[in-house]
Every structure is written in C-alpha cells, then in structure tokens.
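Q: I am new to this structure and would like a close look at a single part of it. Please go through that part step by step, and then set it beside other places in the model.

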Amino acid sequence: MTDSRREDGFALGVCYYPEQWPREQWAEDARRMRELGLRYVRVAEFAWALIEPRQQEWDWGWLDEAIDTLSEAGLLVVMSTPTAAPPAWLVQQHPEILPAGSDGRIRGFGARRHYDTASRVFREHSRRITRAVARRYGQHPSVVGWQLDNEMADHDTGLSYSDASLAGFRRWLSERYETLPILNEVWGTVFWSQGYTDWEQIQLPNVGVDEPNPSLALDFQRYRSDTIVEFLAEQAAIVRELSPGRWITHNVMRLTPDFDHYRASECLDFVSWDSYPTGAVAYSDLDLADRLRFARTGHPDLTGFNHDLYRGLKDGRSFWVMEQQAGQINWAPSNPLPPAGAVALWTAHAWAHGASVVSYFRWRAGLFGQEQMHSGLLRHDGTLDRGGAEVAEMSLPGLPVSEHRAPVVLLHDYESLWAFDRQRHTAGASYWGQMLLFYRALRSLGVDVDIRHVDADLAGYQLIVVPALVLCDTGRAQRLARWAGDARLVFGPRAGSRDESGRAWPDGQPGQLAGLLGCRLLNIDGLPPGMAVHVAGHETTIWAESYRLAGGEAVARYDDGPLTGDAAVVRNGPVATIGAWSATLIRSLLRDELAGLDIATRDLPDGVRVTRRAGRAVLTNFTEAPVALDDGTPLAPVSYRID
Ligand code: GAL
C-alpha cells in the first residue's frame with residue numbers, strides 16, 4: 001500500500017457534498033479548494049439513496065463526474081461507504097433494520113444512522129452497497145483511501161434495544177457461556193431471584209422495573225460492541241479486496257463510549273476522528289466559569305485528550321482529523337462563533353498531537369437540510385468565511401508527520417468505562433471524568449501523554465498512570481506488575497474493584513491488584529455536589545476512598561469527614577495509589593513522580609499547553625487573553641507558536 005498520507009508531510013482536506021450543489025459549480029469548487037491549499041476531499045458518506053435510488057437501480061453518473069472533476073483539479077479523493085444513511089426504500093421494505101432506543105421506541109427514518117448493526121438484513125445490505133461502491137471506485141486513480149460508514153455509535157446508536165438486538169444478544173450469550181448454570185453463576189442471578197432456565201427468558205437491560213444486573217449490562221455492551229467491530233471489519237474486507245493499495249479509515253466522534261475502539265480499529269490502516277472543540281466544551285463536565293471561558297475556542301485538554309486517545313488506538317500511528325470544525329457548529333445547546341485564529345490554532349494543535357491530515361467540515365454552508373446553521377469554509381453565498389480565510393493564510397502544510405513516544409502513558413479500557421458508568425454511585429463521577437482529571441494534571445505540568453490500552457506493550461514508558469481501571473483479572477494484574485520497577489505506576493480510584501464479569505472480589509478490593517498496590521480498600525464515600533472532604537489540605541469532591549495498608553505506606557490521610565485519619569494515598573515501592581478525586585492532590589502527586597524520574601515539568605496556566613512533535617515544541621494559547629509563559633515569552637490570545 002502506498003502511504004500517500006506521508007508523501008508531502010502534513011496536509012489539509014475538506015468534506016464535500018457535490019450532490020448538494022449544481023454540477024456547473026463543481027469545477028469552480030475544485031479549483032478553489034486547490035487554491036486554498038487543500039489536498040484531500042472526502043465524499044459520498046451519506047449518498048446511498050442517490051447512488052441506488054431503488055434496489056439494484058444504480059445512478060453512478062453524477063458521482064463519476066464529481067470524482068473526475070475533483071481529480072482533474074489535482075485533488076485526491078477519500079471515498080466512503082454510504083451506510084450511515086440507509087435509503088427510505090430499504091426501511092420501507094425492511095423496517096426490522098431500524099434501531100430501538102432505551103425507551104423501547106423504534107428510531108425511524110428521517111435523519112441518519114437509522115440502522116441496527118445487530119440486524120442481519122441490514123448487514124447483508126451493508127455488504128451489498130459496500131461491494132457496489134468499492135467495485136465502482138476501488139481502482140479509480142484519484143481514490144486514495146476509504147472512510148467506512150460515519151461516526152459509528154454517534155447519536156446514541158451504539159446500543160440498540162430492538163428485536164434483532166435481543167435475538168443476537170441471546171445467541172452471543174449462549175456462545176460465550178454455553179450453559180445457563182454458568183451464566184447464572186457468573187452474573188450472580190441468585191440476587192433478586194434472577195436465575196434463568198431458558199435462554200429466551202433473558203431480556204435487554206432496558207426493560208426491568210429497576211436497574212439491571214450490572215453483569216448483564218456489561219455483557220450487553222460487549223455484545224453490542226462486537227456487532228460494530230464485525231460490521232466495520234466486513235466492510236473493510238470487501239474494500240480491501242476491490243480497492244487494492246488504498247488505505248481504510250473510520251471517523252470516530254469525541255469520547256464515544258459504546259464500542260471498543262481498539263478492536264474496531266484492527267481492520268483500519270489508521271484512525272480518524274471528528275473534532276468540534278466548541279461542541280466538546282458545551283457537553284463537558286467543566287465548571288460554568290470554564291465553560292464560558294473556553295466556549296469559543298474549546299479547551300485544549302478536551303481536544304488534546306481525544307487526539308491522544310485516538311492516536312493510541314493504533315499504537316501511536318499518526319491519525320487524521322477527518323472533520324475539523326471550521327466556524328460555528330449547529331448541534332450544541334448554544335453555538336458561539338469561534339474567535340479569529342481559532343481554526344489555525346486547532347489545526348496546529350492537531351498536528352502537534354500527531355495528525356497527518358486535518359480535513360475541514362464542510363466546504364460550503366448548506367442551503368437546505370439539518371446543517372443550514374452550520375458553517376463551512378465558505379458561506380452560503382460562496383464567499384470565503386472566517387475559517388476559510390484562516391486556511392488560505394496557513395503555513396502548516398508540509399510539516400513532518402513523524403511518530404514518537406511520550407515518557408508518560410495513561411492507560412485506558414472501554415470495558416472499565418462500561419462497568420464504571422453503569423455504577424457511578426455519585427453524581428459527577430464518570431470514567432471519562434476521572435481520565436480527564438489525571439490527563440489535565442499531566443498536561444498542566446507540560447508533559448506529553450500517550451494513551452494506550454491497559455493490556456498494551458508498555459516497554460519504555462517511565463510513568464504509567466492508571467485511572468478508573470475497574471476491571472482487572474489475574475492476567476491483567478500480572479501484566480501490570482511486570483512494568484513496576486522499570487516504570488513507576490500511579491493508580492486512581494476504583495482500581496481493580498471488579499473481575500471481568502463485573503463481580504466484586506470476595507477477599508475485598510482491589511482484588512488481584514492488592515499485592516501490587518500494597519493496600520486494601522476500606523471505605524468509599526460518594527460526595528454530593530457541593531460537599532467536599534480534604535486530604536492534607538487538598539479539596540476532594542465527587543469521590544473519596546480510603547485504604548488499609550497491606551505492605552504499602554500511607555503518604556497522605558483524610559483530614560475530615562468520616563474517613564478522617566485513614567489513608568488516601570498509599571505508596572508501595574514504585575506504585576502509588578490515590579483514592580481522592582482531587583485535582584490539586586493528583587497534580588502534586590504526579591509532579592513528585594515526574595520529579596523522581598527526572599522528567600522536567602512546567603507550570604502552565606490553564607488553557608496554555610505545550611506539545612512536542614518532530615523535535616519541535618508547539619505552544620498553544622486557547623484563552624482569549626495574552627499570556628506570559630513561565631520562560632517570560634508572551635503568547636497572543638488564541639494563537640500558537642512552533643519553536
Ligand atoms: C459530525 C458528522 C457530520 C456533520 C457534523 C456537523 O458529527 O459526522 O456529518 O453532521 O457532525 O458538525
């Protein structure tokens with residue numbers, strides 16, 4: 001496979017919908033794309049009904065012409081499988097392909113993503129349309145790569161509670177457990193008299209009167225995730241067969257929880273994600289002051305975390321931002337206009353975190369449909385919008401697309417996310433929340449962070465940070481223990497609290513990790529909003545857990561509340577465990593660990609970050625005020641500098 005992503009270094013692209021514009025305009029659009037310095041154009045991810053207006057009736061002419069027009073202008077085409085928007089005729093013919101929400105209601109035709117990956121009928125049609133598109137364009141000289149579908153599981157479609165999903169779940173369970181006595185044992189169905197004597201008695205986790213059995217819910221997530229992994233893999237196999245030498249990617253959305261992205265990425269050459277920084281702030285856990293402060297620019301750690309997370313899916317391979325916000329969006333509760341400089345800042349920031357291509361969404365603001373209020377590089381009338389003007393001025397293309405390892409790694413696991421978020425126990429506690437707490441602390445200290453799956457090869461990392469690792473069986477605990485000594489490890493709250501089926505450990509928490517951590521859990525304290533306890537003067541909100549020493553030593557203890565005097569931080573040789581949800585205490589612990597490893601730290605103001613790539617340091621200021629850095633140099637509002 002030729003790696004056309006790398007030929008000329010960092011490059012720019014755009015998402016284009018030729019079907020929404022008169023044909024006479026395409027050539028001029030293509031010419032202007034080139035003029036703006038764009039290289040890649042993604043097309044056709046929602047074009048199924050236009051390609052196949054009735055079953056087996058094909059209309060390729062318009063897309064042939066659109067691709068040829070782009071190609072004649074010297075642009076490279078990213079072709080898509082159009083399965084994210086199944087046509088009305090298919091839904092009419094096969095309503096059983098539709099997903100159902102957790103309220104049991106069928107989610108019908110009228111927007112997009114109205115299909116269920118559990119539906120065998122849909123999967124057959126997905127393979128059919130993929131084959132048709134790949135056969136048509138797989139060998140086109142300008143088609144350099146493929147996007148599969150669009151934002152799997154977005155719009156809350158990862159979990160579907162349809163009949164197809166129920167039937168598939170029962171099948172999946174019978175393959176996993178083989179007999180019901182085993183399933184009953186693993187799930188603990190003796191609780192509330194939930195024992196099963198027939199596979200058909202098993203229901204989806206949305207129908208019960210109260211909360212479902214957490215082990216059933218965890219397996220349901222696994223099952224649903226498997227349907228997505230298989231769905232992408234079967235499309236990828238078809239594209240590989242019919243489009244040799246081209247790469248395959250998929251564009252995931254920010255913090256999507258409902259499938260295991262590591263497994264889903266196995267069939268891809270590289271990962272892409274869609275970055276909408278203002279939307280990320282609008283839906284974040286940031287406090288009100290920060291939500292306002294970063295409403296127009298996005299928060300560097302929310303965007304940076306996603307860059308690092310998705311770079312980690314393929315062990316650090318450079319990724320694409322397939323859709324980069326280029327002005328105001330239209331889907332958050334409020335959609336403020338980004339300030340001058342934001343689009344350039346986001347682009348530089350993406351490069352710094354490992355992007356090889358940033359592709360803007362979308363070329364021109366739409367005249368009709370759901371995206372009328374969404375900006376593009378051009379306004380509705382075709383004049384260059386503010387984002388487009390910034391792209392025209394940009395000098396970033398051509399930067400090297402090297403890969404490297406950070407000294408620090410944050411470990412991550414979708415199954416722990418599913419287990420954690422099913423039993424949050426207190427308002428404000430969430431898996432992503434705890435990950436971001438540690439991530440922000442590290443980034444505010446000026447260090448680069450890799451994110452890897454908890455079972456990845458971690459050789460070479462100096463500091464391994466493990467927040468919210470709920471699920472930890474014996475094998476995983478042993479693997480983690482192997483890194484201790486070569487590296488230091490820091491564990492966060494709820495470490496090792498469940499086995500792989502979601503059961504608590506009979507000899508107490510943290511189960512298999514007790515030897516490594518040198519302590520055992522004593523108590524947990526879920527703090528309601530507005531309540532705090534303290535550890536060595538540091539405010540702790542949301543969550544506090546305390547430990548009995550079992551080989552380790554107490555580094556810090558609770559000052560007040562019911563845990564007064566109990567250990568909040570335990571050290572056991574190269575391993576530290578912190579049970580307090582405290583931004584300042586976590587930061588101070590991490591600073592000490594980094595100092596002990598001789599990794600230089602800085603004191604960066606919130607909103608200002610440094611990221612290193614290819615021997616360069618990229619300084620970014622996401623605030624709308626000028627800042628003076630700790631080395632005395634100034635950074636203008638909403639700007640970056642590459643040293
Ligand atoms: C993305 C989606 C695009 C477009 C965009 C608008 O999530 O993939 O098709 O809708 O949002 O911001």
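Is Thr620 buried or exposed, going by its relative accessibility?

A: The model is a predicted one. In it, Thr620 counts as buried, because its relative accessibility is 1% and the cut-off for buried is under 20%. Thr620 belongs to strand 22, which covers residues 616-621. Leaving out the neighbours within four places in sequence, the residues in contact with Thr620 are Leu345, His349, Gly607, Val608, Arg609, Leu635, Ser639 and Tyr640.

Arg482 gives a contrasting case. Arg482 sits in helix 17, made up of residues 474-483. With a relative accessible area of 56%, Arg482 is exposed, since the word applies to values over 50%. Asp457 is 25 residues away from Arg482 along the chain, and the C-alpha atoms of the two are 11 Å apart.

Two cysteines can be added to the buried group. Cys15 has a relative accessible area of 0% and is therefore buried. Cys472, at 1% relative accessibility, also counts as buried. As for bonding, the whole structure contains zero disulfides. For Cys15, the closest cysteine sulfur is that of Cys267, at 20 Å, which is too far for a bond. Cys472 is likewise in no disulfide, and its nearest cysteine sulfur, in Cys519, lies 13 Å away. A disulfide would need the two sulfur atoms within 2.5 Å.

The ligand is another part to look at. Around the ligand are Phe46, Arg112, Asn150, Glu151, Met253, Asp274, Tyr276, Glu323, Trp331, Phe361, Glu371 and His374. Sorted by class, this shell holds five nonpolar, two polar and five charged residues. Some of these residues come close enough for polar pairs, for which the limit is 3.5 Å. The side chain of Arg112 has an N or O atom 2.7 Å from an oxygen atom of the ligand. For the side chain of Trp331, the distance from an N or O atom to a ligand oxygen is 2.7 Å. For the side chain of Asn150, the corresponding distance is 2.9 Å. On its own the ligand would expose 310 Å², and the protein buries 98% of this area.

To return to the part asked about, Thr620 is a buried residue within strand 22, and its contacts beyond its sequence neighbours include Leu345 and Tyr640.

Notes
Residues numbered from 1 in each chain as written. Predicted model: local features only at pLDDT ≥ 70, side-chain atom pairs only at ≥ 80, totals over all residues. Heavy atoms only, no water. Near = heavy atom within 4 Å. Polar contact = N/O pair within 3.5 Å; in protein donor to acceptor, adjacent residues only side chain to side chain. Areas by Shrake-Rupley, 256 points an atom, 1.4 Å probe, with all protein chains shown as cover. Nonpolar A, V, L, I, M, F, W, Y, C, P; charged D, E, K, R; others polar. Buried < 20%, exposed > 50% of the residue type's maximum accessible area, 1.4 Å probe, protein only. Helix = DSSP H or I, 4+ residues; strand = E, 2+ residues; numbered from the N terminus. Contact = heavy atoms within 4.5 Å.
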